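The following exercises ask the reader to derive structural relationships from a model and to justify each step. Each task is followed by a worked solution.

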Amino acid sequence: MHPNRRRLIFALLAICTLLPGSLFASSHREAPITALDRTADITDWYAFVSYDHPDRVTMMLNVDPFLEPSNGPNYFPFDPNVLYEMKVDNNHDGEEDITFQFRFNTQIRQPGLFTGFVGNLAGFPAITALDGPGSQGLSLRQTYTVTMVKNGKTTNLTEGKTLFAVPSNVGPQTMPDYQSLFNQGIYDLGNGVRVFAGTVDDPFFIDLGAAFDSLHFRMGVGGVLSPQVDADDANNYAPDAVAGFNVNSIVLEVPITWITVDGKLHAEGEKQAVIGTYGATSRPQITVRRSLDRTLSAGPFRQVQREGNPLINELIIGTGSKDRFSMDDPKNDAQFANFFLNPVLATVFGTIGIPVAPAPRTDLLPLVVYTAPICPGCGPNDAGPIADLLRLNTGIPATPVGKQKRLGFLVGDVAGFPNGRRPVDDAVDIASRAVAGILADPKKFGTPIGDGVNTNTEGFGTTFPYVVPANSGRDSHHVGPGQVGCSGQPGGICPVQ
């Protein structure tokens, strides 16, 4: 290893007291309020041009982090008291113009059972369907509705259909063909709209234990990546701590013409092609939990959590401001401008020898305003207010499966983060490098910072809904140091040190 690279790695390990533990964890319990309200906690937000439908956009809202697949008897249904929303700004003013809302309803169909799901036992057949014959063992079953709010008008997109959320994967005796249940949860609502909701494998990937230990990455693997590791999109060189865990996912695909400002398709050089997106969760202003009775909810909905870009609340916003950031609207993000213009983490990187772009960090503006390179057609009057929105140029076609790069926009795969975000995008490495200054000058400030986890161990979906089925409660396992799960290492054994 080159002496300078070795010194950088040791320096990264030496900043133990300088960084909060929530760094690099996407939105998995990153703010105090969401750590206490897991079902309203957004883990990740994605928006991208659909791989197989260039005239559509897919948006994905994942909530409720670190779901242990075996944790019955009720597992992890969506919260009926939470309003889940996907929001789109299409006129560049930082405010939502179109909102897609999701509400869930829980049924207990077999109140005498001790568990939410049973099959091939006590006279119940195996669970092979979400409804009708084969669904008798689905005691805890959820339905949901999808509505669109646009121009003050609310439209029910369900159109009389009953949509069932896909339950947790209990195991092969109870659910012998879970892939079939997963497929049954994909609904075509007509007019180019598809939707899915259910428990799935968490597509996020990170060496979380190393990151939480104040960036104590595995020696020779994380911190600063070698050219070989950095160029490898197919293998992991450090343990993916999220491997084997599930998450609740809502995925919606809609025509691009539904969400552009003028209802038309636009080329990538036109400003009308670019939208801003974010996901949000809200609860009624007053919630009273009553013994034996249903929860009493009253008052207007109040936002609990939101996410646009995967790095803002984690890498940029100070811990003392995270709750306020979570509950406020993107249009008010100017109050956090100092965090954007001079990130503390960038200062830390600079003190340990990593070249960092100088403050004020105007190179980070593409993440919080409408400007090039994501919006090459935007002029000075089109920037809009500072707002944490995941901006997506709908005129840039999807990169074909097999040619997608985990570092996305940074390595010429312009259909990837920070132009929108796909599940394959390595948000940890991209975000870290953006903070260092790679968007300002990739040669001067392009140190290959990374954790050595380059892909999701369970893989990715290549067609809608782009997630893969939930891990089995009976048969799943996690990946850790000293265990099998790092395909880039000898014998597949993940490093400990």
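**Exercise 1. Classify the relative orientation of helices H9 and H10, and characterise their contact.**

The model is a predicted one.

Step 1. Two packed helices are described by the angle between their axes and the distance between the axes.

Step 2. For helix H9 (residues 344-351) and helix H10 (residues 427-436), the axes come within 8 Å and cross at roughly 75°.

Step 3. An angle of 65 to 115 degrees counts as roughly perpendicular. H9 and H10 are therefore roughly perpendicular to each other.

Step 4. On the H9 side, Leu345, Ala346 and Phe349 make the contact; on the H10 side, Ser432, Val435 and Ala436 do so. By class, these residues comprise five nonpolar, one polar and no charged.

**Exercise 2. Determine how far H10 is enclosed, and identify elements that cover it.**

Step 1. The criterion for a buried residue is a relative accessible area under 20%.

Step 2. The buried residues of H10 are Ala427, Val428, Asp429, Ile430, Ala431, Ser432, Arg433, Ala434, Val435 and Ala436.

Step 3. Since 10 of the 10 residues of H10 are buried, the helix is largely enclosed by the rest of the structure.

Step 4. The cover over these buried residues includes helix H5 (227-230), helix H6 (312-316), H9 and strand S15 (449-450).

Step 5. After H10 comes Gly437, which has a positive phi, near 125°.

**Exercise 3. Establish the strand order of the sheet that contains S11, and describe the pairing around S11.**

Step 1. The sheet is open and has five strands, in the order S1-S2-S11-S9-S8, with antiparallel pairing. Its edge strands, each pairing on one side only, are strand S1 (42-49) and strand S8 (187-190). From one strand to the next, the twist averages 15°.

Step 2. S2 and S11 run antiparallel and are joined by nine bridges; within S11, Pro255 is opposite Arg56.

Step 3. S9 and S11 also run antiparallel, joined by eight bridges; here Leu252 of S11 is opposite Val195.

Step 4. At the S8 end of the sheet, three bridges connect S8 to strand S9 (residues 193-201), again in the antiparallel sense. Asp188 has Arg194 of S9 as its bridge partner.

**Exercise 4. Decide whether the two faces of S11 are buried or exposed.**

Step 1. In a regular strand the side chains alternate between the two faces of the sheet.

Step 2. Asn246, Asn248, Ile250, Leu252 and Val254 point one way from S11, while Val247, Ser249, Val251, Glu253 and Pro255 point the other way.

Step 3. The residues of both sets are all buried.

Step 4. Strand S11 (residues 246-255) has 10 of its 10 residues buried, so it is largely enclosed by the rest of the structure.

**Exercise 5. Describe the burial and pairing of strand S3 (residues 83-89).**

Step 1. Seven of the seven residues of S3 are buried, and the strand is mostly covered.

Step 2. One side carries Leu83, Glu85, Lys87 and Asp89, the other Tyr84, Met86 and Val88; both faces are covered.

Step 3. Seven bridges connect S3 with strand S12 (residues 274-288), and these strands run antiparallel. Gly276 in S12 is the bridge partner of Asp89.

Step 4. S3 also pairs with strand S4 (residues 98-108) over five bridges, in the antiparallel sense. Gln101 in S4 is the bridge partner of Glu85.

**Exercise 6. State which residues touch the most other members of the largest nonpolar core, and list the contacts of Met59.**

Step 1. In soluble globular proteins, nonpolar side chains tend to be buried together.

Step 2. The largest nonpolar core has 90 residues, and Met59, Phe100 and Phe102 touch the most other members. Strand S2 (residues 56-67) supplies the largest share of this core, six residues.

Step 3. Leaving aside residues up to four places away in sequence, Met59 touches Trp45, Tyr46, Ala47, Met86, Val88, Phe100, Ile250, Val251, Leu252 and Val254.

Step 4. Another core, of 10 residues, lies apart from the largest one, and its members include Ile206, Leu208, Ala211 and Leu215.

Note on methods. Residues are numbered from 1 along each chain as its sequence is written. This is a predicted model: local features need pLDDT of at least 70, side-chain atom pairs count only at pLDDT 80 or more; totals for chains, interfaces and linings use all residues. Side-chain values use heavy atoms; hydrogens and water are left out. Two strands pair if DSSP finds at least two bridges between them. Helices (H or I, at least four residues) and strands (E, at least two) are DSSP runs, numbered from the N terminus. Axes are lines fitted to C-alpha atoms, for helices over the stretch in contact, and angles run from 0 to 180 degrees between N-to-C directions. A nonpolar core is a set of buried Ala, Val, Leu, Ile, Met, Phe, Trp, Tyr and Cys residues joined through side-chain atoms within 4.5 Å. Buried means under 20% relative accessible area, exposed over 50%, partly exposed in between (1.4 Å probe, protein chains only). Contact means heavy atoms within 4.5 Å. Angles under 35 degrees count as roughly parallel, over 145 as roughly antiparallel, 65 to 115 as roughly perpendicular and the rest as oblique. Ala, Val, Leu, Ile, Met, Phe, Trp, Tyr, Cys and Pro count as nonpolar, Asp, Glu, Lys and Arg as charged, and the others, Gly among them, as polar.
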